[in-house]
Each structure stands twice: as structure tokens, then as C-alpha cells.
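Biologist: I am new to this structure and should like to go through it step by step. May I put some questions to you?

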There are 2 protein chains.
Amino acid sequence: MLIRIDRGSEVPVYRQIIQSVRSQILQGILPVGFRLPTERALARTLGVNRTTIMSAYAELKSEGLIRARVGDGTRVAAGGNAPEPPRAVLPLRWSDFTRLSFRPTDDEIKRLLALSEAQGVVVLSVGFPALDLIPLKLLKTATDAVMTKRGASAFFYGPAEGVSTFRESLAELMNVRGAPIAPDQILVTSGAQQALDLVARMLVDPGDTVVIEEPTYLGALQVLRAARARIVSVPVDSEGMRTDLLENILERSSPKLIYTLPTFQNPSGAVMSNERRMKLLDLAYRFRVPILEDDTYGDLWFDEPPPQPLRALDRHEYVLYASSFSKTLSPGLRVGWIAGPRPLIRRLVQVKQTVDLQAPTLSQMIVDEIVRSGKYAKHVADGRVAYAERGRAMGESLKKRARGWAEWIPPRGGFYYWCRIKTPVPVSALAAEAAAMRVSILPGAACMADEPTESYVRLSFSYPKPEEIDEGIARLARVVRRVAAQQEQVGLAVEATRPAV
Amino acid sequence: MLIRIDRGSEVPVYRQIIQSVRSQILQGILPVGFRLPTERALARTLGVNRTTIMSAYAELKSEGLIRARVGDGTRVAAGGNAPEPPRAVLPLRWSDFTRLSFRPTDDEIKRLLALSEAQGVVVLSVGFPALDLIPLKLLKTATDAVMTKRGASAFFYGPAEGVSTFRESLAELMNVRGAPIAPDQILVTSGAQQALDLVARMLVDPGDTVVIEEPTYLGALQVLRAARARIVSVPVDSEGMRTDLLENILERSSPKLIYTLPTFQNPSGAVMSNERRMKLLDLAYRFRVPILEDDTYGDLWFDEPPPQPLRALDRHEYVLYASSFSKTLSPGLRVGWIAGPRPLIRRLVQVKQTVDLQAPTLSQMIVDEIVRSGKYAKHVADGRVAYAERGRAMGESLKKRARGWAEWIPPRGGFYYWCRIKTPVPVSALAAEAAAMRVSILPGAACMADEPTESYVRLSFSYPKPEEIDEGIARLARVVRRVAAQQEQVGLAVEATRPAV
């Protein structure tokens with residue numbers, strides 16, 4: 001029996017003894033019947049107190065690994081190195097236990113993210129903000145200020161609904177966006193993603209219908225699938241959601257919710273026109289369906305500000321408004337919010353408390369500090385210029401290299417180009433081949449509830465460095481040509497092997 | 001028509017104009033047919049560019065609030081100050097839309113928390129750590145170090161499963177607790193609360209049975225009610241869960257999960273004996289039921305370390321282990337974790353990604369820095385001494401003041417005394433009266449799935465200052481006497497009005 005004790009370890013000595021003896025028994029190194037040293041002898045050998053050995057032996061006894069009898073000393077117990085009870089323990093098949101609601105599209109996203117971390121890859125797949133637009137100095141200064149001003153309370157529990165001064169800042173921000181609201185109509189969330197999830201958990205029962213746009217934010221699809229919603233899609237064109245097709249859908253399906261990204265839509269980049277905004281509200285009022293407005297990108301316009309949010313136009317408290325600091329300031333702080341009718345916010349606070357008690361206090365206070373300093377608006381303005389530059393770079397590159405095989409509507413803000421692939425290539429093959437060629441893209445199917453009939457890819461210009469964008473599109477163009485050629489060969493091969501009639 | 005422009009505001013001027021005109025129309029200040037100034041005239045009056053007015057008018061037009069006709073100028077449109085369409089818009093009754101799964105016990109907790117913030121209240125109700133045990137200096141140093149070492153990545157997206165170095169630190173921490181595990185078997189969560197919620201979302205379908213202890217952590221009850229689980233309780237005594245009663249329950253109900261807090265149980269303070277730990281595992285293996293072990297308080301022992309976690313004794317991957325830094329380091333950072341079998345953790349990562357993408361990056365890195373520095377272990381050791389002192393103070397105070405009306409088993413760690421009230425008083429009346437007397441307590445019913453047949457209160461010694469504890473118990477003793485006297489009077493009154501037979 002060999003026991004090594006590490007006195008520098010945080011593991012208490014008696015535990016080290018237990019673990020060592022236990023593992024030797026379980027591995028069969030100490031056979032059944034093996035006689036352990038007496039407590040006194042082992043204590044002397046190891047240079048520890050006898051009570052330490054007593055505690056260790058007592059615990060091993062209670063686990064059934066050793067037994068002590070007067071006159072026979074302490075021995076490895078029968079069943080000790082066969083710790084299973086007489087019947088065999090069956091391993092748990094966790095798949096028998098887990099719900100079936102989470103579809104494995106998630107894994108595709110995870111693979112994309114993993115790829116994004118590889119060296120030399122031009123990342124056009126993810127909706128990350130630019131790393132160099134994370135204002136580290138601003139964040140550092142704010143963090144220092146928070147720790148000085150707020151002390152330990154920055155690290156303590158706060159209200160489930162959010163830090164009160166921060167909710168005031170958010171109300172002011174909503175006012176700037178044209179949608180004034182009271183602080184007590186706001187709940188701070190862990191990003192806009194959680195806002196979607198909380199709303200789904202509160203409103204959507206399995207089988208309930210939810211109307212979304214096609215294409216739409218892939219994270220919303222994940223949430224709605226997890227909620228087992230029946231998803232009904234309304235197409236998006238250059239003016240946003242096709243509200244002319246909505247009436248019919250509302251008539252037939254009595255949905256619980258309409259989810260929309262009216263401004264710089266993810267992934268299409270579309271901005272819903274003012275006319276359609278009014279029409280959407282009108283339909284919601286008529287059919288009594290609440291709207292969840294996701295305004296994650298509204299602040300990131302290129303040349304001119306977009307129309308006001310639906311929430312600004314809503315006169316009957318039908319609109320829940322969600323937004324986030326993840327694209328404009330810091331995704332890692334996990335701070336977003338949801339604003340809307342009081343009875344609903346009150347309920348959402350209960351849901352938030354149940355799922356994770358509250359958003360992180362320190363994160364909220366850091367963002368609050370930056371918004372209050374007036375430097376947030378300035379930083380967002382800088383971001384607009386930078387993303388507009390990246391967006392133009394991608395637009396020019398696409399014009400130069402992709403006219404033959406893709407078409408798109410240039411976005412006026414946000415992070416994305418949504419491209420229809422005209423060449424008949426399977427997008428999954430395209431994405432896989434692109435990965436091999438060190439450029440990552442998002443297949444359009446990830447943004448759609450149903451298998452698309454046409455081929456799309458989402459190309460994000462927010463994360464790559466401006467000078468990388470053209471290289472990325474160039475690689476993609478080569479990939480498209482190669483895959484198309486392969487397809488053609490396969491087609492020829494199929495024809496060649498076809499029996500002559 | 002009166003329009004004030006604030007050039008210092010972040011709200012663009014054209015938006016200010018829109019908002020001002022819109023609100024005057026909606027309030028009826030500008031009647032239907034009212035002729036607005038020409039664009040040129042208004043531009044001159046306000047000293048702004050004419051295109052600014054054009055944009056504002058265009059948007060008001062698209063909202064249907066104003067109309068322009070050649071030769072007739074721009075006028076408030078019919079329907080402008082009666083913005084509803086011909087039919088009346090019905091307000092949304094949100095209660096028609098929300099799910100019925102969240103029971104309003106939450107509100108009681110919220111009231112308690114609100115009370116805890118009032119001046120002069122001795123707070124014995126909440127499971128907060130002591131504010132003076134939040135190691136501000138340590139946290140500040142770590143935060144600075146993280147910002148210096150990690151730069152912008154501290155504020156950026158990280159992996160859904162958690163920052164990789166932090167998962168290594170957690171694996172090491174699990175090793176110290178006697179339950180070695182690989183980093184990829186760990187998911188970082190937003191506190192242990194979210195760990196419970198993620199597990200429930202993955203494993204529990206509505207109507208599924210979950211076995212809990214009685215009493216148990218109130219946040220777990222909220223999660224399980226939200227999941228619409230069928231909750232079956234096993235009583236807890238001084239040695240923890242009554243495993244002798246468990247077999248029968250498992251035979252009858254095939255639960256999806258057994259939820260247990262084996263060490264310094266919240267609220268009972270009980271520590272499950274080693275014998276029962278082995279018995280519980282044995283039963284789980286036999287009936288093939290996974291166990292969720294909540295070890296939030298295991299590190300906070302008074303005089304001697306508790307038995308090892310179930311996870312340390314589990315040889316067949318049946319135990320999911322959840323814990324948190326909220327009680328030992330900082331609740332506001334929202335960092336906890338869950339460790340267990342790989343297939344399950346992989347699935348939980350997908351759920352985590354769906355509900356809020358990831359735990360806050362900065363928070364994770366701060367905790368990682370502190371754990372790696374070796375100062376976490378030291379800080380926890382200091383916490384043990386401090387909480388032991390508070391625990392003893394409450395014990396002595398109870399012995400002095402509560403022997404006549406309550407009984408309890410002194411805890412050997414954790415945050416709580418669980419007291420059975422021997423005097424026949426309704427606990428809800430007691431809690432209300434106590435609040436009026438400026439001492440807050442948690443009625444035992446909040447910790448039970450079913451209405452308890454006996455009266456309990458949970459008294460927490462973690463948050464009040466040591467010198468406040470005796471004053472709090474003294475106030476409570478007065479409240480008990482008073483409520484008991486009232487009860488007696490009511491009893492007498494009832495007897496007095498009873499007709500003589």
C-alpha cells in the first residue's frame with residue numbers, strides 16, 4: 001500500500017489518504033482481505049496524527065470498502081474491489097431522459113464558432129462585433145469608477161429587475177430612440193438572447209403558434225424550437241416583413257406572438273418601411289397579437305438613421321421591445337434589456353428570478369457608468385463609421401467578385417449581407433468547402449424555420465478586419481467555382497452512366 | 001403649434017420635431033384640419049435646415065398623422081387625433097397570454113427582499129452572504145489583473161460552456177472537494193440557480209416526477225413549478241434525507257430526477273450522513289434515477305469538514321453536481337457551475353447557448369484569477385470562521401430567548417437555523433408581525449412543496465452583523481409572545497360568543 005501525502009495541497013490530509021486507499025482498492029491493487037496497517041502504524045509512517053487516520057478509515061468503512069473486526073484488524077472488504085451491488089449497475093442512458101426539444105442545429109453553429117478561432121480563417125459567419133471596436137480604455141475607466149463609487153455592492157446581489165439607476169439610463173436611451181418608457185417598464189436581461197427566451201417561456205406553450213420573419217435571427221429559432229412553438233414564417237423583402245401576407249396568416253393561425261427585427265434585420269439587412277410598420281401594428285391590434293420587436297442593430301446605421309422603432313409608434317401597449325449592448329459595447333458583459341407593458345414586465349421579472357435570479361450586477365453598473373458619462377453615444381457613433389466602412393468594403397468586393405453567382409440588396413446598416421446563390425450548388429457543400437479554404441460563412445438554412453427552396457448564405461462584415469474582407473470574398477468566389485465545377489462533373493458522370501435509350 | 005428643440009440632446013432634431021408634433025396631435029392640441037407651417041417657414045422659425053423639416057413631415061405623413069395636398073398645404077389628418085382605426089382597439093389582456101406555471105410565491109420573496117432594504121431591519125430572512133465578507137480588495141486586484149492580462153477578450157464573447165482556463169480551475173476545485181472531474185465535464189452557469197433551471201429544462205417534461213427533500217431550497221421549488229414537474233418530497237432529519245422512505249417513493253413514481261442538498265442543507269442545515277449517501281446512490285443505481293447534487297454550502301463548515309460530496313462517491317456517473325461562488329465570493333458576478341457526465345454536459349451547453357449564449361466573460365475571468373492566485377481558499381477559510389461566529393451567536397441567542405416556543409438542531413455549517421415553532425401561532429401572521437417589528441424571517445412554507453402541517457421558520461445568520469443577531473431574535477421572541485396572546489384572545493372571544501349549551 002503506497003500513500004503519498006502532499007502537504008502543500010488544499011486537499012485535507014485525511015482526504016488524500018481516503019482517495020489513495022479507495023483508488024487502490026477499486027483498481028484491485030489492494031485485494032479483498034488485504035490487511036491494512038493499524039491506525040497507529042500508518043499514522044507513524046505518514047507522520048500524521050492518529051485521529052487523521054481514524055477519520056479516513058471511518059469514512060472508508062462507511063463506504064463499504066474496508067471492514068474492521070476485533071482481533072482481525074482492518075481489511076479490504078469483500079465487494080470492496082467489486083463495488084457494484086450484486087446486481088450490475090446499468091449506466092444511465094441520458095438520451096432516455098432528455099427532452100427532444102433542442103434540435104442539433106446548435107452543433108453547426110458551434111462548429112462554425114470553433115472554426116472562427118482557427119488561425120488564418122477569414123470569419124464571415126458570426127455576428128460578432130469587431131474586436132478592435134471593444135472600447136477597452138472606456139470599459140476599464142468605467143470599471144474602476146464603478147468599483148470606487150459602488151464598493152462591495154458592485155459584487156453583491158441586486159434587484160431581479162435590474163440595478164435601479166441602470167434602468168433609468170435605459171429609459172433615457174429608449175427616449176433617444178423615440179420610444180419613451182418608464183424605468184419600471186424595463187427588465188435587464190443577460191443579453192437580448194435571454195430577452196427572447198424569457199418571453200417565450202412566459203407566453204408560449206408547446207404547440208402555440210409564433211409568427212416570425214423568413215429569414216430570421218437563428219438564436220430566435222433555437223428559442224422557439226426549445227419552446228416547441230409552431231413556427232409560421234412571413235417572407236422579408238427589401239422593405240422588411242411582407243405585411244401584405246400577414247393578414248391571411250393571422251386570420252388562420254391565432255398566434256401568441258409576432259417576432260420581428262424591423263431594423264437592419266438579421267440576416268437580411270432589410271429595414272421595414274414606415275408604411276409597413278403602421279400596417280403591422282394595425283394588424284396586431286386587429287387580431288390582438290403581441291409583437292416582440294428585436295432592435296439589436298437599430299443604432300448601427302451607415303448614412304442615415306432608420307425609421308423609429310415599432311415601440312415608438314405603438315399606442316396600445318402591444319409592443320415588447322428588446323435590445324442589447326452586445327453589438328455596440330461589449331458582448332461579454334451579457335447585458336440587454338426588454339421593455340413593455342407593466343403587467344408583462346412584472347411577470348417577466350418573476351421568470352428572470354426563477355431562471356437565474358438577476359443579470360450580473362458589475363456588468364450592469366459598468367454599462368450604466370458608460371451610458372451616463374455620455375461616452376456611449378460617442379462610441380456608438382464611431383462604431384457606425386467603422387461598420388459603414390466594412391459594409392462598403394464587402395459591397396465593393398461582392399460587386400467585383402460575386403455578380404456572376406450571387407445577388408443581394410446592399411444593407412444600410414447592421415452587420416450582414418444576405419446573398420442568394422444563383423449558381424446551383426448545395427450550400428452545405430459550399431460551407432464545408434469554404435471552411436477547408438479558410439473562409440467561414442453561414443448557410444442561409446440556419447436562419448430559416450423550414451428547409452429553404454433557394455440557396456442563401458449570410459456574410460457578416462462586422463468581425464473581419466476591413467482588409468481581410470476582400471480576401472474572404474475572393475476565397476469564397478474560388479470555392480463557388482470549384483463546387484459548381486464538381487457539381488457539373490457529377491452531373492456529367494450521372495449522364496455518362498445513364499443507359500443509352 | 002409650439003416646438004422646443006434641445007440641441008444638447010442626443011435625440012436628433014428631426015425626431016424631436018416629430019415627437020413634439022405627434023404628441024400635440026394625439027393630445028388634440030392640434031385639431032383635425034389644422035394647417036401646419038410650410039417646411040420653409042418652420043425651418044426658419046426653428047433655425048434648422050429645411051431637409052430636417054422635410055424628414056419630420058415625411059415620417060408624420062407615413063404615420064397617417066398629417067396629409068399634404070398641393071394648394072392646400074400640410075394639415076392634421078382626419079383620424080390624426082383619433083388614431084384608432086374605425087373599430088376600437090382592445091387593450092391586450094396579458095393574463096390571457098401568459099402561462100400559468102409561475103406561482104406567486106415569488107412575490108412573497110420579493111416583498112421580503114424589499115423589506116430587507118429598509119433601515120433598521122434585522123434581516124434574518126435572506127440567504128445573502130455577509131456584505132463585509134465580500135473581499136472588495138481581492139476582487140479589485142483581480143479585476144485589474146484580468147483587464148491587463150486579457151484585454152478586450154475579457155469583454156468579448158467566450159465559449160458557451162465557459163472560459164477554458166476557468167473550467168480548468170473548476171476541475172481543480174472539484175478535485176479539492178474530493179470529486180475529480182475533467183474540465184470538459186463542466187459547464188459554467190449564471191449561478192447555481194441557473195444550473196437547476198438548465199437541468200430542469202433538459203430533463204423535466206410537464207408532469208414528470210422529481211423527488212426533492214422536505215424542506216428544500218425555495219429557488220428549486222420555483223424552477224420545478226415553472227417546469228410543471230410533479231413534486232414528491234422526502235423528509236429531512238438530522239442526518240439528511242430520509243433514505244429509508246425513498247425506496248418506496250422510487251418504486252411507485254419513476255422520477256426523472258432526485259434533487260438533494262446533502263451538505264448544510266438549505267434550509268434545515270442538515271448534513272447527510274455517509275451511510276445515507278451510500279444508500280441514496282445505491283437506490284439511484286437500482287431505480288436508474290439521476291441525482292442533482294446542490295453543493296452551494298459545502299465549503300462553509302464551522303469546526304470540521306463535512307463528508308465528501310455524492311459526486312465523489314458516485315462510481316457510475318449518476319450524479320450531476322452544481323455549486324456556486326455566490327455564497328463564498330460574490331453573488332453579483334453570477335458565476336456557478338454544473339459538472340457531470342459528458343453526454344449530459346454537452347446537451348446542457350446547448351441549452352445554455354439557447355437561453356443566454358454564455359455566462360459573463362468578465363465575471364468568469366475575475367473568479368478564475370482569484371482561484372488561481374490561491375487566495376480563494378484563504379478567503380473561504382476566513383469566511384468559515386466568520387460564519388461560525390455568527391452561527392454560534394444565533395445559537396446562543398436562541399437558547400436564551402426561544403427555548404419556550406421553538407426547537408431546532410444546531411447547524412454545523414451553512415447559513416441557516418431551521419426552527420419548529422412549538423407555540424400554536426400561524427407563521428404568516430408571525431412573519432407579518434415580525435416585519436412590523438423590524439425583523440424579517442422566512443416562513444417555512446416557502447421551502448416546502450406542500451402546505452406544512454407544522455409551523456417552521458428559517459432564520460439566516462449569514463447577512464446580519466453578529467451584534468444584530470441577538471437583537472433580531474429578541475424582537476422575534478416579543479412578536480411570538482404577542483401573536484400567541486392575540487391568538488389566545490381570539491380563542492377566548494370565540495369561546496365567549498359560543499352559545500351556552
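Biologist: Which residue has its backbone nitrogen 2.7 Å from a polar atom of the side chain of D314(B)?

Modeller: Please note at the outset that the model is predicted. The side chain of D314(B) has a polar atom 2.9 Å from the backbone nitrogen of V319(B). At 2.7 Å from a polar atom of that side chain lies the backbone nitrogen of another residue, Y318(B).

Biologist: Where in chain B is D314(B) placed?

Modeller: Apart from its neighbours within four places in sequence, D314(B) is in contact with L281(B), Y285(B) and V319(B). In space, its C-alpha is 11 Å from that of P180(B), although 134 residues separate the two in sequence. As for its own position, D314(B) belongs to the loop between α11 (310-313) and β11 (319-324).

Biologist: Does D314(B) count as buried or exposed?

Modeller: The relative accessibility of D314(B) is 11%. Buried means under 20%. D314(B) therefore counts as buried.

Biologist: How many salt bridges are there between chain A and chain B?

Modeller: The two chains meet through 116 residues of chain A and 117 residues of chain B. One of the salt bridges joins D197(B) to R201(A), with the closest N and O atoms 2.7 Å apart. The count of salt bridges between chain A and chain B is 4.

Biologist: Which helix of chain A gives the most to the side that touches chain B?

Modeller: Between chain A and chain B, the count of residue pairs in polar contact is 20. On the side of chain A that touches chain B, one helix gives the most, with 10 residues. This helix, spanning residues 342-356, is α12.

Biologist: What area do chain A and chain B bury between them?

Modeller: The side of chain A that touches chain B comprises 60 nonpolar, 25 polar and 31 charged residues. Of the area buried between the chains, 58% is on carbon and sulfur atoms. The buried area is about 10,600 Å².

Biologist: What kind of axis relates the two copies?

Modeller: A turn of 180° with a shift of 0.0 Å along the axis lays chain A on chain B, with an RMSD of 0.1 Å. The copies are therefore related as by a two-fold rotation axis.

Biologist: Which residue of chain A comes closest to the rotation axis?

Modeller: The same surface serves both copies, since 100% of the contact residues of chain A recur in chain B. Among the residues of chain A, one comes closest to the axis, its C-alpha lying at 3.8 Å. That residue is P360(A).

Technical notes:
Residues numbered from 1 in each chain as written. Chains lettered and ligands numbered in written order. Predicted model: local features only at pLDDT ≥ 70, side-chain atom pairs only at ≥ 80, totals over all residues. Heavy atoms only, no water. Contact = heavy atoms within 4.5 Å. Buried area = accessible area lost by both parts, 1.4 Å probe. Salt bridge = Lys/Arg side-chain N within 4 Å of Asp/Glu carboxyl O. Polar contact = N/O pair within 3.5 Å; in protein donor to acceptor, adjacent residues only side chain to side chain. Helix = DSSP H or I, 4+ residues; strand = E, 2+ residues; numbered from the N terminus. Nonpolar A, V, L, I, M, F, W, Y, C, P; charged D, E, K, R; others polar. Least-squares fit on C-alpha atoms with pLDDT ≥ 70 in both. Buried < 20%, exposed > 50% of the residue type's maximum accessible area, 1.4 Å probe, protein only.
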